[in-house]
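Open the model in your viewer and keep a selection panel at hand. The stops below go from single residues to the ligand, the sheet and the cores.

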Amino acid sequence: MDDRGNVVGAGADVIVIGAGVVGGAIAYYLSKMGKSVIILEQDEVASGASGGNNGQISIIDREPGIELEWANESMKMYRGYEDAGEFETDLDITGGLALFYNQEEIEIGREVVKKYSDLGYKCSILVGDEIKKQEPNINTDVVMGAAYCGEEGRLNPFSITIGLVDMAVSRGARLYQNTKVIDFVLEGNLIKEVVTDKGSFLGDTVVVATGAWTRELMSKLGLDYRIFYGRGTLMVTNPIEPCIKGPIVPGCFAIGTLYEGDWNLLGLTQHKNGTITIGQDTRAVTNYNKGVSYDGTIGLAKAFAKHFPNLKDLDVVRVWSAVTPHVEDSLPIYGYSGKYPNIFMAAGLKGALTIAPAAGLMAARIIMGETDDNLVADYSPTRFE
Ligand SMILES: Cc1cc2nc3c(=O)[nH]c(=O)nc-3n(C[C@H](O)[C@H](O)[C@H](O)COP(=O)(O)OP(=O)(O)OC[C@H]3O[C@@H](n4cnc5c(N)ncnc54)[C@H](O)[C@@H]3O)c2cc1C
């Protein structure tokens, strides 16, 4: 450090930018494989989408292929962290519901359910009172049907994100919080220095796991990765006795119809500690403001009361919002940059809590040279370069 407290020339094999669940998982595996790692986080660990989400394991909104394999593999890895005594994940496979409000949605849902049943998932369409077998408290006057997926469940996003980063640190990774990457210094087409508001860092490889902030950061290098973001509002109740069995999402998540801007749509999870997070509405935005709106807060509360009238008197203790990225073509931006070959991108992974361990392990293996990136060629950042 210099006499103004700035870091000068700290170096590592790999610099990971972003301490969300994706950056955390990559740092976890790289440090486990013996690489020296520096993690740079503009705010605090889990301050982005990874600390602001619903903690749901989402399966039937994923196309069959590598993403679905990552989801399956990640569940085993989450159990592994707990079995090894590394950190708690609160993993609980409860089965989950995607809610439908009209016959047309149910019919599209049947196709989706068939696709996943054919792949061996425990999926079915529930209609009317059948839904109450999974969720006895749900109001079937409002919900007409649901897609059930037996492999869905819940996780603790805070414990997981902090746990992954803590484990990386325990293996020697150096974590710099409140340290924002603001620029890069090039040598030819390689990143030589990662410039932050606290000084410069040197690394052989730079992993960019900056979620919703990715497009802005990569514009410093003249790149225009087509990654945008939306803000979701969530609220959390006081802990109560178990009354909601598994994660619930709007059916449009599963059948891919347009949903933006409807406060009536609801996603929720009751967590291991008894609290219920209620949220899901996500609207496209162009700023990172974490504030919440009156309309959003009231809209969510009303939607919850409509779906769960028995629970309408619950106390809400906190409301917040979080920004989460989505890529123009709906695929992650994952793999080495073609233009700057020592940058590895890991951004825009949908529902990343569900897939981060396996996606992080694969990233680490590619960086270690243990595997190539053929399996994830469709996700290559080069498509935007
Ligand atoms: C309302 C809501 C509900 C959701 N529900 C679920 C769910 O139930 N299940 C699920 O699987 N997923 C869910 N998601 C999505 C999930 O939260 C994200 O996919 C996941 O957290 C993304 O992880 P990440 O590490 O890529 O991004 P983030 O967690 O956002 O991490 C990126 C980090 O990079 C840091 N950063 C950015 N720019 C810089 C810079 N220049 N310098 C240094 N640091 C920087 C940020 O501060 C941030 O901490 C939800 C998202 C939202 C918003």
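In which loop does Y121 lie? Select residues 103-118 and 123-127: Y121 lies in the loop between them, that is, between α3 and β6. Bear in mind that this is a predicted model.

**Stop 1: Y121**

Is Y121 buried or exposed? Its relative accessible area is 11%, and buried means under 20%, so Y121 counts as buried. Now show the surroundings of Y121. Beyond its neighbours within four places in sequence, Y121 is in contact with I59, L68, N72, Y116 and E151. Pick out N72 from that list: its side chain and that of Y121 make a polar contact at 2.8 Å. Next, add C149, which is 28 residues from Y121 along the chain; the two C-alpha atoms are separated by 7.1 Å.

**Stop 2: the sheet with β3**

Select β3 (56-57), β4 (92-93) and β8 (residues 153-154). These three strands form an open sheet in the order β3-β8-β4, with antiparallel pairing. β3 and β4 each have a single partner strand and stand at the edges, so one side of each is left without a neighbour in the sheet. Zoom in on β3 and β8, which pair over two bridges in the antiparallel sense. The bridge partner of Q56 in β8 is R154.

Move on to S58, in the loop between β3 and α2 (66-83). S58 is buried, with a relative accessible area of 14%. Its contacts, leaving aside neighbours within four places in sequence, are with E152 and T354.

**Stop 3: the ligand**

Which residues are closest to the ligand? They are E41, S50, Q56, L234 and A352, among 33 residues that surround the ligand. Q56, already seen as the partner of R154, places a polar backbone atom 2.8 Å from a nitrogen atom of the ligand. For oxygen atoms of the ligand, look at V22 and N53. A polar backbone atom of V22 is 3.1 Å from one oxygen atom. In N53 a polar side-chain atom lies 3.1 Å from an oxygen atom of the ligand.

**Stop 4: two positive phi angles**

Select A46, in the loop between β2 (37-40) and β3. A46 is not a glycine, yet has a positive phi of about 65°. A46 is buried, with a relative accessible area of 6%.

Then go to S330, in the loop between β17 (316-327) and β18. S330 also has a positive phi, of about 70°, without being a glycine. S330 is exposed, with a relative accessible area of 56%.

**Stop 5: the β18-β19 hairpin**

From S330, continue to β18 (residues 333-336) and β19 (residues 343-347), an antiparallel pair with four bridges. The hairpin joining β18 to β19 runs through six residues. G335 has M345 as its bridge partner in β19.

**Stop 6: the nonpolar cores**

Show V21, W70, Y78 and Y334 as sticks: in the largest nonpolar core, of 69 residues, these touch the most other members. Which helix gives the most to this core? Helix α9 (residues 352-368) does, with 12 residues. Colour domain 1 (7-52 + 158-226 + 330-384) and domain 2 (96-150 + 228-327) separately; both give residues to this core, so the core lies between them.

End with the second, separate core, which has 27 residues, including A12, Y176, I191 and M345. M345 is the residue met in the hairpin as the bridge partner of G335.

Key. Residues numbered from 1 in each chain as written. Predicted model: local features only at pLDDT ≥ 70, side-chain atom pairs only at ≥ 80, totals over all residues. Heavy atoms only, no water. Pairing = 2+ DSSP bridges. Core = buried A, V, L, I, M, F, W, Y, C linked by side-chain atoms within 4.5 Å. Buried < 20%, exposed > 50% of the residue type's maximum accessible area, 1.4 Å probe, protein only. Domains from an automatic or database assignment. Contact = heavy atoms within 4.5 Å. Near = heavy atom within 4 Å. Polar contact = N/O pair within 3.5 Å; in protein donor to acceptor, adjacent residues only side chain to side chain.
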